[in-house]
Amino acid sequence: MTLIHFAILLPVIAAVFIGVLYRYYKDVHLGWFVLPVPVLIVAYLFTLIPTVSSNQVIFESMQFMPRIGMNFDVYIDGLSLLFAILISGIGALVVLYSIGYLSHYEKLGNFYVYLLIFMTAMLGVVLNDNVLMLYLFWELTSISSFLLIAFWFNRERSIYGAQKSMLITMFGGFLMLGGFISLSLITDTFSIRGMMEQIPAIQENALAPLAIILILFGAFTKSAQFPFYVWLPDAMEAPTPVSAYLHSATMVKAGLYVVARFTPLFAFSELWVWAILLIGLVTLVWAAFNAVKQDDLKAVLAFSTVSQLGLIMSLLGIGALGVHSGASEQVFTIAVVAAVFHLINHATFKGALFMIIGIVDHETGTRSLKRLGGLMTIMPISFTMTVITSLSMAGIPPFNGFLSKELFLEAMFSISEADFSVLADVSVLFPILAIVGSIFTLVYSIILIRGIFLGKTQPETPKEPKEAPMLMLISPIVLTVLVIVFGLFPNILSGTIIDPAAMGILNTSEPLNTEISHWHGWDSPALWGTVAIVVIGALMYLFRNTWMPVYRFGNKIFTINNLYDQGLMYSRLGAEKITDGYMSGYIRSYLVYIFTGFAVLAVITMINTDMTFEWDTASAITIPEVAIMLIILAALIAILVTASRMVSIIMFSVIGFSLSLLFVFFRAVDLALTQLAVEAILTSLFLLAFFHLPKRARHEERKRFRLNNMIISVAVGATSIIFGIAAYSNRLFDSISQFYIDNVYDLASGGNMVNVILVDFRGMDTLFETLVFGLAGLGVFILLRLRVNRKGENEFEEHA
Amino acid sequence: MNLKSTLKKLGYAKVHKQMNDVFLKYTAKVVFLIIITFSINLFFSGHYTPGGGFVGGLLAAAAIVLLLLAYDLKTINKMIPFDHKWLIALGLTLSVFVPLVLMIFGQPFFTHQALYIELPIFGEVPIHTAVFFDVGVYITVAATTLLIITLLATEQAMSDSEGADRS
C-alpha cells in the first residue's frame, strides 16, 4: 500500500463517508464535500509529472492474490499519467459543475457515490499493470456508468439507455477478459510489462489472433466504435455532468487506452493495425454524417464524440502501422503525437460543449434544436464559449482542435503517399475519408452555434431563458481557456505530457522532442486540406436544404439499433418460452428434475468407469451406530406411512438429531454442533411455515405419482451409496487433510482445523457462502413483502 | 403468537392461559442467557476447539427464537431494536473488510495475522484477524435466520388477523 494505491482508492473510501454524510447532513450541497477528492488526486498526479517526463516509470506493487498472479501493481508511464490527469482533472471540473446543475431535491447521495466509484474504477483501469485487475476496474466502470445513466430511473428512456450501454460494454469487456486469458496462456503472466518482454513468443503463437480479436472487441465496445456505437447516443439520458465526464471525456476513452497500451504488443499483427485504422475511419465518417441530422443537442454531441473517438482510433492505427513496419518514420510519430494531442483537446472542447449544452437545457428547459434560437444576447458568455469550442472541434485556427486536426490530416496524407504493398490500392481513400469526416464535423459545429444562439428568438421555450449562474459557468470557462491556451502555446504540453505518452505508445525510450507548430508552409497538404474542409463545409451548410433530404432514404429496419432491439426482444421471448416450459412453480417438480438428473448422470458414470469395491479398509461398525441407523430408519418409515404433516416434521427432525449423534461417533464434533443448531432452527422454521403449506393434493395419492417418486428416490439412494463406497475404495489422490494437520498452527496459528479451514485456508469460500446466506435472507424478505397490487404494480407493504 | 395460533388451529380453544405461561416465560429468560453465553463461548473458542461463527450465529438465533415462542413478536422487537436487514449488511461488510484491511498492511488478500498480547487477568491472549472476519459471519448468520423466522411469524400473524376479519 503506497500513496499511489491510496490515491486510486481514495474516491471509493470517500464514497463511504459521503454516503453516510448525506443521510444526516443536508444543509450544504453534497458536491462541496466531494470536490476535494479529485482536486487532491490531480494535485498529487501533477507532482509525478517531472519524474515521468524525464523518461522514468513508476512501479509500485501491492499483493492481492499472488497465487493466481492477480496483484494490484501500479505502473505509471506517460500514457497512464496523461489519462489519470484527464480523469481527475475533468472530474474536479465536473463535480464543480454538477453543484450548480443538480438541485437539492435530486438523490445527490446516489449520484456522488456512483461518480466516486467511477473515478476509482477509471483510475484503476489506466494505472494498472495487471490485466486481471485492469479487467476488474474495467467492469466497475461499466457498472458505475450503468448506475449513472439510470440516475433518473423512473424515466423509461434512462432505463433503456442504461441497459443498452451495460449489455454492449459488458459483452465486450467479457470478451476482452477472454483475450487477456489467452494472452496469459501464451506468456504465463498477467503483467503487461511481463508480456512486453515476450513479444516473439506471442508472435509465433497461434492463439495470438484470437487474443487480438477479443481484446479489440473490448476496446471497440467501450470506445463506441462502429458498429457498437449505438449505446452512446442512448447513454445521453444521463444527467449532463455524467455525459460530459463519462461519455465524452473519460470512460469512452478507456478503449483508446487499451488500444494504445497494447499497440507495442500486437503491432506485429496486420489484423491489429488494419482493424484499428479502418474501424476508426469508418466510425469517424459515419458518426459525423449522422451527427448532422440530429435534433437533440446532446445527440449531436454524442455522435460527434463517437466520430472524434474514431479519429483518435485511426491515428493510433497509423501509429501501430509504424511500429508494425518497423520504420520509426516521422509519419508514425506524428500520428501518435496527434492522437495524444487530440485526446487532450477533445477532452477540453467536448467537455466544455457538453457543459454548455447542459446550461442551455437547464436554463431553457429544452434541448431540441427546433425550439431554440437567438439566445446570443441573452446568454453572451455561453455563446462565446460555444463559438470557441465548436470552432476548435471543427478544426479552425487558432484553437487547439486545429493543431491536432492538422496533424491528423498530415498523417493521413503521408500514409497515402508512403509505399505499402498491402494497401497501395486503397491508400488514396484515407485522406478522402478524413476530409469527408471533417467536413461533416464543420457542418454540425456551425449548426450547433447557429441553431442555439443565432437566428430568430424562439418564444416557446419551456422556461424563460437567462444566463446561467456563475457556479455553472466556471468549469466550462476553465476548459474554454484551456482550448485557447493550448491552441496558442501547444508546446507547453508537448514536452511535459505528450512526448512521454507518445513514447509509452511507441514503446521507445528515445526522446521525441516534438514541436507543434501552427504553420507548415504553403506546400503542406494539410493546409490545403483544412482550406478544402472550410470551403466545402461552409458551402454544404449554406445549401443544406438541398442535400439534407438524403437522410430520409435511410431504412428504419436495417439499422443497428433495430438489430439490437429485435435481438434483445427475441432472446427475452425465447428465454421466457424455454423457462416457462419447465418452471412449473412446484418445488416437487424441481426436486424431480434435480434428482433425476443426478441419478442419470450417476448411472452413466457407473457404466463408463470400472469401479472396484474394497471392504478391507473400512472400519468396523459399532453397536451405537447400528442403533442410530435403526432410529433413522424407523423415523423414515413413520414419515412414509403417516398422513399427518406434523408427525412428518417431527420425524424429520428426529432424523436430523440422530445424524448429529452419528457425527459425534465419527468424532466430527464441529459438524455435530452445527447439525444440532441447524436442526433446531429448521424445526422451528417448519412449524412456522406449517399453515402456509398447501393442502394435500389429490395427485399425491395417485399410484403413478408415488411410483415415479419411489423409483427416483431409490435410484438416488442406491447410486449415492455405491459412489460413496467406490470413492472410499479407489483413492485417486492423496488426502489433503495431512496438509492441514501439518500447517494448522504454523500458517494459521489455530488449533481447530475445521474452523481454521473455514476462516483462513478457504476463507474465500466462507466469504461467498456468507454472502449467499445474507442474499437468501433478503430474497425471502422481498418475496414475502413485495406484493403485486391490483393494478399490477409492485409495492412494498409496510406493517409493524 | 405463532405457538398460540398453531394451538388454535389444532383445536385448543383456551390458548390464552397457555400463552401467559409464567413458567415458560421465566424459563425462557434464563435459558436464553445460557444459550447466548454458550453461543459466544462457541464463537470465541472456535479457533482452537470446536465452534465458530456459523454455529455461534445459529445458536444466537435459536436463543432468540426461544424468546419468540415465550413472548410475542412486538416484545422481541422491543428487546432487540435492530433492523435485521441492517445487521446482515453490517455482517457482510465486516467479512469483506477484514481481508481488504489486511491488504493495507502489505499482506495478500485473506492472509490472516495473529498477535499475542498480555492482559492483566486473562494472561496471554491471542488476537487473530480471523476473529473479526468470523464476527461478520456470526452477525450475518444470526441476522438472516432471525429475519426469515420473524418474517414468517409476521406473515402468520397477518393471515390470522385476515382470517378473523373475514369470519
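**Entry 1: backbone oddities in chain A**

I started at A:Asp188, which is exposed, with 12 other C-beta atoms within 10 Å. That count still passes because a residue is called exposed at 12 or fewer. This is a predicted model, so I am reading everything here as computed. I looked at A:Asp188 since its phi is positive, about 65 degrees, although it is not a glycine. I found A:Asp188 in the loop between α8 (156-187) and α9 (192-196) of chain A.

Next I checked A:Arg667, also not a glycine, where phi is positive and near 65 degrees. A:Arg667 sits in the loop between α28 (645-665) and α29 of chain A. I get 8 C-beta neighbours inside 10 Å for A:Arg667, so it counts as exposed.

**Entry 2: cis bonds**

Then I went through omega. The bond from A:Phe226 to A:Pro227 is cis, with omega near 0 degrees. I place A:Pro227 in the loop between α11 (208-222) and α12 (231-234) of chain A.

A cis peptide bond also joins A:Pro397 and A:Pro398, with omega at about 5 degrees. A:Pro398 belongs to the loop between α18 (380-394) and α19 (400-417) of chain A.

**Entry 3: A:Leu81**

Is A:Leu81 buried or exposed? I count 25 C-beta neighbours inside 10 Å, so A:Leu81 is buried. The residue is part of helix α5 (residues 78-101) of chain A. Setting aside neighbours within four places in sequence, I listed its contacts as A:Leu45, A:Leu48, A:Ile49, A:Val52 and A:Ile76. I also took the distance to A:Leu482, 401 residues apart from A:Leu81 along the chain: the two C-alpha atoms are separated by 19 Å.

**Entry 4: domains of chain A**

The domain assignment gives me domain 1 (277-553) and domain 2 (736-800) in chain A. I put their C-alpha centres 52 Å apart.

**Entry 5: where A meets B**

How many residues does each chain put into the contact? I have 45 residues from chain A and 50 residues from chain B. On the chain A side, the elements giving two or more residues are α29 (669-688), α32 (753-761) and α33 (763-785). The largest share of that side comes from α33(A), with 14 residues. By residue class, I split the side of chain A that touches chain B into 30 nonpolar, 13 polar and two charged.

**Entry 6: chain B**

I tallied seven helices and two strands in chain B. Along the sequence the pattern reads α-α-α-α-α-α-β-β-α. Chain B has 167 residues, and 35% of them are buried. I also checked contacts in chain B between residues at least 6 apart in sequence, and 66% of these join residues at least 24 apart.

For annotation I went to UniProt, where an unreviewed entry lists "transmembrane region" for residues 26-48, 54-74, 86-110 and 130-153 of chain B. I compared two of those spans with the model. Residues 54-74 of chain B are 90% helix and 0% strand, with the end C-alpha atoms 27 Å apart. For residues 130-153 of chain B, I get 100% helix and 0% strand, and 34 Å between the end C-alpha atoms.

How values were computed. Residues numbered from 1 in each chain as written. Chains lettered and ligands numbered in written order. Predicted model: local features only at pLDDT ≥ 70, side-chain atom pairs only at ≥ 80, totals over all residues. Contact = placed C-beta atoms within 7 Å. Helix = DSSP H or I, 4+ residues; strand = E, 2+ residues; numbered from the N terminus. Nonpolar A, V, L, I, M, F, W, Y, C, P; charged D, E, K, R; others polar. Domains from an automatic or database assignment. Buried ≥ 20, exposed ≤ 12 C-beta atoms within 10 Å, placed from the backbone. UniProt positions renumbered as here; feature names shortened; annotations may be inferred.
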